[in-house]
Amino acid sequence: MAKANVSLGGRDILDLESLSVDEINLVENTAMEMKRIMKRDIKKVPALRGKLIITLFYEPSTRTRTSFETAAKYLGADVINITTGNSSVVKGECLRDTILTLENMGCDGIIMRSPCEGAACYAAQVAGPVIINAGDGAHAHPSQGLLDLFTLREHGIKDLKGKKMVILGDVLFSRVARSNIACWKKFGADIHVAGPRTLMPWDVEALGVTYHARVEDALEGADVIDVLRIQLERQNSGLFPSMREYAREFGLNEARYKLANPGAVVLHPGPMNRGTEISFQMGYHENALIRNEVQNGVAVRMALEFLTLTGGNRIEAVD
């Protein structure tokens, strides 16, 4: 449980390395209450009434953008969505000017995604509104890491200490992998990664993980399997021969899943390339919590918006 005096009021959420265990637990505990609100017939509460949240996305998104918007509306905030392809960015406006423009319009929080590592950190230095990083290049995706942790806890995996957590696939270009590694390390997990060496950082073990060239070695005795999407939009060609070969050598299928511990949980941040990094069957497996992740993403993002924009650490204040 989070300590009573922990607060994220006015805090920029840029990565998970900078959050303490108590702060992460505060988000997770608040998300439990937000999930309760989501199950009501009338899902709105006035916790953020009068607040203006702007989503600023320089990259395409379905789950993250929609869930942040849904979360804000459930909490009673006003929301404006900016797609940079239809904004002054196409006329040459720089990030600094865009952020300052939004600040001068009186917004309280900016949810931003950028293909550039460090963009959210820069925005936080430039302007006063709360900045929540919805993904910056291959650097960080803190809300995904928090929702994955929430999904595991909801499923009954409440203590990660000593649990074998396996991340499969494109770690080199994955902000999800980095955020999950940072989060899971704080809770004492035993983290393993596997995939093509060309899709791994050259010093991957410096992240605090064990690298396996063979997926089978990583999956042996696994408790949690996090399957990563191949980040084709960030890659150069030639990092692996073909999608078919990737599926054959590194994809999660039913045969490989049987190497893990019975009941091992499967996660995937989406969107899935079914038949490549994960088989069609595994995408619908009873222990695949992929749809749970989507639902929990709204609850966790509600928690982040509430905690950062109100300064509250009393969940009762939501109602």
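Are Y246 and F250 buried or exposed? Both of them are buried. Keep that in mind as we walk through this predicted model, because the pair comes back further down.Let's begin with the sheet. It is an open one with four strands, ordered β2-β1-β3-β4, and the pairing is parallel. At the edges sit β2 and β4 (130–136), each of which pairs on one side only. Going from one strand to the next, the twist averages 15°.

Now zoom in on β1, residues 52–57. Six of its six residues are buried, so the strand is largely enclosed by the rest of the structure. Its side chains split into two sets: L52, I54 and L56 point one way, while I53, T55 and F57 point the other way, and all are buried.

What holds β1 in register with its neighbours in the sheet? On one hand there is β2 (residues 78–83), which runs parallel to β1 and is joined to it by six bridges. Two places to look at here are L56, which stands opposite I82 of β2, and I53, whose bridge partner in β2 is V79. On the other hand there is β3 (residues 109–114), which pairs with β1 in the parallel sense over five bridges. There, I54 has I110 as its bridge partner.

How does the chain get from β1 to β2? Follow the backbone and you'll pass through helix α2 (residues 63–74) on the way, in a β-α-β crossover that is right-handed. As for where that helix sits, α2 packs on the sheet and touches β1, β2, β3 and β4. The direction of α2 makes about 160° with that of β2.

One residue of β2 is worth a stop: D78. With a relative accessibility of 48%, D78 counts as partly exposed. Leaving aside residues up to four places away in sequence, D78 touches K51, L52 and I53, and L52 and I53 are among the buried residues of β1. For a sense of scale, take A189: it is 111 residues from D78 along the chain, and the two C-alpha atoms are separated by 39 Å.

Time to go back to the opening pair. Y246 and F250 both lie in helix α8 (residues 243–250), four residues apart, which is about one turn of the helix. The count of aromatic pairs in the model comes to one, and Y246 with F250 is that pair. Their geometry is tilted, with 5.6 Å centre to centre and 45° between the planes.

Rings also meet charges in this model. R197 has its charged end over the ring of Y211, 5.1 Å from the ring's centre. Then there's R274, which lies over the face of Y284 at 4.2 Å from the ring centre.

Last, a backbone detail for anyone checking omega angles. Between G270 and P271 the peptide bond is cis, with omega near -10°. You'll find P271 in the loop between β9 (265–267) and α10 (280–283).

Note on methods. Residues are numbered from 1 along each chain as its sequence is written. This is a predicted model: local features need pLDDT of at least 70, side-chain atom pairs count only at pLDDT 80 or more; totals for chains, interfaces and linings use all residues. Side-chain values use heavy atoms; hydrogens and water are left out. Buried means under 20% relative accessible area, exposed over 50%, partly exposed in between (1.4 Å probe, protein chains only). Two strands pair if DSSP finds at least two bridges between them. A crossover is right-handed if, with the strands pointing away from the viewer, the path from the first strand over the helix to the second runs clockwise. Rings of Phe, Tyr and Trp (its six-membered ring) pair if their centres lie within 6.5 Å; planes under 30 degrees apart count as stacked, over 60 as edge-to-face and the rest as tilted. A charge sits over a ring if NZ of Lys or CZ of Arg is within 6 Å of the ring centre and within 35 degrees of the ring normal. Axes are lines fitted to C-alpha atoms, for helices over the stretch in contact, and angles run from 0 to 180 degrees between N-to-C directions. Contact means heavy atoms within 4.5 Å.
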